[in-house]
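User: I'm new to this one. Could you take a close look at a single part and walk me through how the pieces there pack together?

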Amino acid sequence: PTYGTCLWFIWAVQSTVGLGDWYPLTVPGRVVSVLANVFGMVLVAMLISGIMNKFKLSKEEQKCRHTLNWIEKKRDLPTLA
């Protein structure tokens, strides 16, 4: 095996593409495959970060939540009277 074949094997395994029945044999084909895999990973990462930003609380919401947690903790404390 050549150095390039070893790099291709590492890339195929780490990108969860596997080494199935169909795979590129030429260097340009492997380059296109690597670029397509990178593009796919970036696309999924962007989609996930976009979805997670929808669930992020604003500063005002964070302050309200902190205040409500503080009130709840204070209410649950036993009194010393």
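Analyst:
**Helix 1 and its neighbour**

Helix 1 (residues 3-14) has the lowest mean pLDDT among the elements of the protein, 78, and helix 3 (residues 59-76) has the highest, 87. Here pLDDT is the predictor's confidence in each residue, from 0 to 100, and helices are DSSP runs (H or I, at least four residues) numbered from the N terminus. This is a predicted model, where local features need pLDDT of at least 70, side-chain atom pairs count only at 80 or more, and totals for chains, interfaces and linings use all residues. Residues are numbered from 1 along each chain as its sequence is written, and side-chain values use heavy atoms, leaving out hydrogens and water. For the protein, mean pLDDT is 81, with 86% of residues at 70 or more.

Now the packing. The axes of helix 1 and helix 2 (residues 27-54) come within 12 Å and cross at roughly 25°; axes are lines fitted to C-alpha atoms, for helices over the stretch in contact, with angles from 0 to 180 degrees between N-to-C directions. The two helices are therefore roughly parallel (angles under 35 degrees). Touching residues (heavy atoms within 4.5 Å) include Trp 8 and Trp 11 of helix 1, and Val 34 and Met 41 of helix 2.

And the link? Leu 25 sits in the loop between helix 1 and helix 2. At 65% relative accessibility, Leu 25 counts as exposed (over 50% relative accessible area, 1.4 Å probe, protein chains only). Leu 25 is 17 residues from Trp 8 in sequence and 10.0 Å away in space, C-alpha to C-alpha.

Key
Parallel < 35°, antiparallel > 145°, perpendicular 65-115°, else oblique. Buried < 20%, exposed > 50% of the residue type's maximum accessible area, 1.4 Å probe, protein only.
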